[in-house]
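Student: Could you take me through this structure step by step, with the terms explained as we go?

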Amino acid sequence: SSRNHRLSQITQYLERHFSTNIYLQRNSCGLLFNHTFLSILSLDQMFMMALTFSFTCKALSGVIMKSSITQIERRFGTTTSEAGLIDGSFEIGNLLVITLVSHFGAKSHIPRIIGIGCFITGIGSFLTALPHFLMGHYRYNSVSNANPLDNSTVTYAPCSTDVNSAGNNRSSILLESGCKSESGSHMWIYVMIGNLLRGIGESPIGPLGLTYIDNFSKEGHSTFYVGILHSISMIGPIIGYLLGSLCAKLYVDIGSVDLSTITINPNDSRWVGAWWLGFLIAGVLNVASGIPFFYFPKNLKKARKQSTGPIPLDAPSTNENVSQKLNFKDSEQAKKTDGFFHSLKCIITNQIYILFLISTLMTVSSFIGSITYIPKYLELEYDVSMSKSNFLMGTTTMPFVAISVLLAGYISKKLKLSVMGIVKLLLISRIGSLALQAFLWILNCGNQPIAGLTVTYNGNDPGTTQNIPFSFCNSDCNCDANVWDPVCGDDGLTYMSPCLAGCEYSVGHGKDLVFRNCSCVEANNFQSGNSSVYLGKCPKADDCSRNFIYYIILSSFTSFVIGLAIPSSITLIFKFVEPELKSLAMGFNLLLMRAIGGILAPIYFGAAIDVTCLKWDTNNCGDRGACRIYDSTSFRNRFFGLKMAIRAPEIICYIFLFIAIKKKYQENNTGLANNGGMDVDQSNLKEPLKNNKQLASSAHADGESHI
């Protein structure tokens, strides 16, 4: 009795000084502390912290994939559209379970399901990195260094009439030595399966996590919670891009090869960074983020009601009463819903919700296609390495998005915007971002002068791209026209290889290799007498660097305008459906975003980019591999043209949505409202947001659209 009295005093002291409820649970073996948190944080605050960390890790994983997709494309020798399919496998996995998880998971133990999802996400990240440890060293096609793993100082003559010379047959030797060992390799399947597992694992985090928050959040704070969650989780994309930048700067086989023998640098289109390292780090973080969820109760409100104070040790057990209450609530829930298919029917017959869904789908499709290939565009147009582009996106674009999301949430809460106000803010944001993207389209640096591709061998612009590798100056050279080993001549032109530049001999080794007496350079630069070429493409003009600065400034401002609509667009989803259908509405929304936006957008954007390729690589078996150089003008026009073609109908849909909601608002004010079969809560059209505490897991910054 004395000990029990002492325990009761300790409990009262902890509650009084730490502002939290400490409660005991009686079982057959004695007394246990149940869900006891000896801290100043309440359960809901602890859950918000855990969910925010999970969202951050989820976003980080998605950005790692987006920032590494070009590296994966080069490592496995795929086309851009095939790389888009690998990237879209995440959405395929998410698509398989998202609707079922959203509907049935809400009735289960939500925190534990989220924890399991985090574990699966981590396993998927580990599996994605696995091929690196199962494959051999990366080999790039280079006539100047047939075997980059050999520290050889032997010089050779690139331009030779002897068909059996070493310089002319280096690519053939490489094909013969490498095809047998790497033919039939399908290691990219591990990357696809790992990415698919990531999609399955992330499916419960967004819908169920935010449904769980909806159960304990106070009314009138929905947009503010949305802004906080999104803004803090923006740390994930920022760290993801910075980590992707670091990995892209490190050579793929770092630690296992002598880097002094590597003749390419991160600015070269053949460079492959340590793409696998980011997935290992992301896997560890995702597994760690899932651990706290196994310590939360099934229902926070119920836990708070049960923990209003210390339970007397001589009080009767309340397990039976709690069980009766749970059974009563389960029966009430069963009466509210007629089943999954009936709920789905209510969603798809809601006209305003479907109109909003179509508008959002176009937004997400344009965003995912853009975020997937923007590093490739910057590398081609502004001659910026993948490492630098990832770094700039992490330090400029993402912070602006985070600030605008938090600001938008604060404005909506402070001004208590009605649905009409939210739609107006959304429409202004969409139109403004579309106009700013048109200015980004105008900024450019033009095609790089490459002899035989974008210009003739005498430096003249033919007005259209061509593929004529041979000219009078290299006609006596027995060159392999399929080799892409770019060199920069003293005449300012980039040549596809030293042999096609007509070079007679080389001096030095490794990255210091220089080719002399190049006949094509001498023909264009006969006055100065310099006729040498150096490894790598020629740098672009000085005004290109200035245009790149303008691009970064304008792109950051565009990201800020886009971010203003993120909290509002997500909370609107739940204003058009019945309260009990909120979780399913979000799940169905994510399903279409994943299926059409997440899966298809990278594929058809990639297919449009593949058409602009000027020079394809040849893999070890002589088959076509990844693209080495694109027509930058055609790339830019197709890239931005496709984005505009998607976003123009999007603006039209948002205008129709605004008109439809305004009509309902006017009908409600005049007392003539008629639902017309649509499940819209008319009272919500003129009231501030109240019960919308849920947030969709962004069109994947997964990224992805998790941004």
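Tutor: Two strands pair if DSSP finds at least two bridges between them, and strands (E, at least two residues) and helices (H or I, at least four residues) are DSSP runs numbered from the N terminus. This is a predicted model, in which local features need pLDDT of at least 70 and side-chain atom pairs count only at pLDDT 80 or more, while totals for chains, interfaces and linings use all residues. Residues are numbered from 1 along each chain as its sequence is written, and side-chain values use heavy atoms, with hydrogens and water left out.

Student: In what order do the five strands of the open sheet stand?

Tutor: The pairing in this sheet is antiparallel, and strand S3 (residues 487–489) pairs with strand S7 (residues 533–535) over three bridges. Strand S4 (494–495) and strand S5 (505–507) each have a single partner strand, so one side of each is left without a neighbour in the sheet. The order is S4-S3-S7-S6-S5.

Student: Which residue in S7 is the bridge partner of Val487?

Tutor: Val487 belongs to the stretch 487–489 that forms strand S3, and S3 pairs with S7 in the antiparallel sense. The partner in S7 is Leu535.

Student: Which helix gives the most residues to the largest nonpolar core?

Tutor: A nonpolar core is a set of buried Ala, Val, Leu, Ile, Met, Phe, Trp, Tyr and Cys residues joined through side-chain atoms within 4.5 Å, where buried means under 20% relative accessible area, exposed over 50% and partly exposed in between (1.4 Å probe, protein chains only). The largest such core has 99 residues, and Tyr353, Tyr377 and Val533 are among those with the most contacts inside it. With 15 residues, the helix that gives the most to this core is H14 (residues 351–382).

Student: Is Ser269 buried or exposed?

Tutor: Ser269 lies in the loop between helix H9 (235–249) and H10, and, leaving aside neighbours within four places in sequence, Ser269 is in contact (heavy atoms within 4.5 Å) with Arg74, Trp484 and Arg628. The side chain of Ser269 reaches the backbone oxygen of Arg628 at 3.0 Å. Because its relative accessibility is 11%, Ser269 counts as buried.

Student: Which element has the lowest mean pLDDT?

Tutor: pLDDT is the predictor's confidence in each residue, from 0 to 100, and the mean for the protein chain is 76. Where pLDDT is low, the predicted coordinates should not be read in detail. Helix H10 (residues 275–290) has the highest mean among the elements, at 94, whereas the lowest, at 39, belongs to strand S2 (residues 30–33).

Technical notes
A polar contact is a pair of N or O atoms within 3.5 Å; within protein, one must be able to donate a hydrogen and the other to accept it, and residues adjacent in sequence count only if both atoms are side-chain atoms.
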